[in-house]
Amino acid sequence: MKNAVAVLALAVEASALMRTQFRSQVRRAVRDQHIVMESLGDLKALAKTQNPVLGYFDPLQLAEKEFWDQSNEATIGFLRHAEMKHGRVAMAGFVGYIVHENGIHWPWKLSNSLPDYSSFEGLSAPAVWDAIPTNAKLQIILIIGFFEFWSESSYVLENDGTKHYMRGGKPGYFPTFKEIPHPVPLNLFDPFGFTSKLTEEQKAKKLNIEINNGRLAMLGLFSFLAESKVTGAVPALKGLVKHYDGYIMGPFSANDVNLAFVSDMLNFAESSLPVAGIP
């Protein structure tokens, strides 16, 4: 009797597993029917809608390449996703630079070791990053690393009903957090669902606006960084941006030498990277 019950239980479990796998296969098959990889022609047509004056601009002909022995369509997916991602980071960085350059901060203390913000007064925006506690930097880098892992996971993307951007998925898409075991009340992208009722045409138009804003933000952010290193490099910003003596591309500074390899990194940068006295 016990053996019969055990066999029946196994049969029910196997049946449930088969149904789950079947549904997953059906969803995957339906999804694969709608996969569309953008071609170079699509990219040139899209460029006209994004900027009718400039149009298609690719002086390095990157969109004609095949990165990592992948197809040209996969390469275009990578380039489009990379541009959107960098544009979003640049928009946040541009606003963040202005905020920190002007000493704007939270009304509460930053950490238990910093009861106030007096140690940040008068610092340039990049110097503010150098001055925050090492543990705070590690937390920020860790969460960025998690976002990168999450957005690249084929498992997460497929459970969201899409694919990787180099395999026919939508470039710029960031998946929901529904696969995280612990409940997460808000998603990173559109946490309040403002775009959920938009048509595909409206979404495409807003994406073009976002891409154009991201391109402008990348230029703006690097203008700030260039002026902070070389006074007068950007004449329009001369006298408006504080000078910075650190290493812009270095995530850690002399305040973080307790971390492994940071001292070696700084010594290498000091002996090998300066050009005309500019770190």
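These legends walk you through several close-up views of a predicted model.

**View 1. A salt bridge joins K85 and E148.**
Welcome to the first close-up, where the side chains of K85 and E148 form a salt bridge. Their closest N and O atoms are 3.0 Å apart. Side chains of opposite charge can pair when their charged atoms come close. K85 sits in helix α3 (residues 72–101) and E148 in helix α5 (residues 134–152), so this pair ties together parts that are 63 residues apart in sequence. K85 is partly exposed, at 24% relative accessibility. E148 is partly exposed too, with a relative accessible area of 36%. Shared partners join K85, E148 and E152 into one network of salt bridges. In the structure as a whole, you can find 8 salt bridges.

**View 2. D256 pairs with K137.**
Are these two partners buried or exposed? D256 is buried, because its relative accessibility is 0%, and K137 is buried as well, with a relative accessible area of 0%. The two form a salt bridge whose closest N and O atoms are 2.5 Å apart. Look for D256 in the loop between α7 (200–229) and α8 (262–272), and for K137 in helix α5. The two residues are 119 apart in sequence, so their salt bridge ties together parts that are far from each other along the chain.

**View 3. D160 and K178 meet in a salt bridge.**
Here the N to O distance is 3.6 Å. Both D160 and K178 belong to the loop between α6 (154–159) and α7, where they are 18 residues apart. How do the partners compare in accessibility: which is buried and which is exposed? D160 counts as buried because its relative accessibility, 17%, is under the 20% cut-off. K178 counts as exposed because its value, 53%, is over the 50% cut-off.

**View 4. S151 has a polar side-chain contact and several neighbours.**
Find S151 in helix α5. With a relative accessible area of 5%, S151 is buried. Its side chain reaches the backbone oxygen of E148 at a distance of 3.1 Å. You have already met E148 as the salt-bridge partner of K85. An α-helix has 3.6 residues a turn, so residues three or four places apart point the same way. Leaving aside residues up to four places away in sequence, S151 touches L157, F174 and P175.

**View 5. Helix α7 packs its buried residues against other helices.**
This helix has 30 residues. From its first C-alpha to its last, α7 reaches 43 Å, close to the 44 Å expected at 1.5 Å a residue. Which residues of α7 are buried? Among them are N208, I211, G214, A217, G220, L221, F224 and L225. Towards the end of the list come E227, S228 and K229. The buried residues of α7 pack against α2 (40–50), α3 and α4 (125–131).

**View 6. Helix α3 is followed by a glycine with a positive phi.**
Like the previous view, this one follows a single helix. What span should the 30 residues of α3 have at 1.5 Å a residue? They should span 44 Å, and the end C-alpha atoms are 42 Å apart, which agrees. Just after α3 comes G103, which takes a positive phi of about 70 degrees.

**View 7. The largest cavity has residues of α3 and α7 in its lining.**
The model has 2 cavities of 30 Å³ or more. The largest has a volume of about 40 Å³. Its lining is made of E83, M84, G87, R88, M91, E210, I211 and G214. Which helix gives the most to this lining? It is α3, with 5 residues. Both α3 and α7 supply at least two residues each. Two of the lining residues, I211 and G214, also appear among the buried residues of α7.

**View 8. The second largest pocket is lined by 41 residues.**
This pocket has a volume of about 1,300 Å³. Which of its lining residues lie nearest its centre? They are K170, Y173, F189, E200 and K203. Helices α3 and α7 each supply at least two residues of the lining. The largest share, 7 residues, comes from α7.

Methods: Residues are numbered from 1 along each chain as its sequence is written. This is a predicted model: local features need pLDDT of at least 70, side-chain atom pairs count only at pLDDT 80 or more; totals for chains, interfaces and linings use all residues. Side-chain values use heavy atoms; hydrogens and water are left out. A salt bridge is a side-chain nitrogen of Lys or Arg within 4 Å of a carboxyl oxygen of Asp or Glu. Helices (H or I, at least four residues) and strands (E, at least two) are DSSP runs, numbered from the N terminus. Buried means under 20% relative accessible area, exposed over 50%, partly exposed in between (1.4 Å probe, protein chains only). A polar contact is a pair of N or O atoms within 3.5 Å; within protein, one must be able to donate a hydrogen and the other to accept it, and residues adjacent in sequence count only if both atoms are side-chain atoms. Contact means heavy atoms within 4.5 Å. The expected span of a helix is 1.5 Å times one less than its number of residues. On a 1 Å grid over the protein atoms alone, a cavity is a set of points where a 1.4 Å probe fits but cannot get out, and a pocket is an open set with protein on both sides within 12 Å along at least five of seven lines; lining residues have an atom within 4 Å of a point. Grid points are joined across faces, edges and corners, and a volume is the space filled by probe spheres set on the points.
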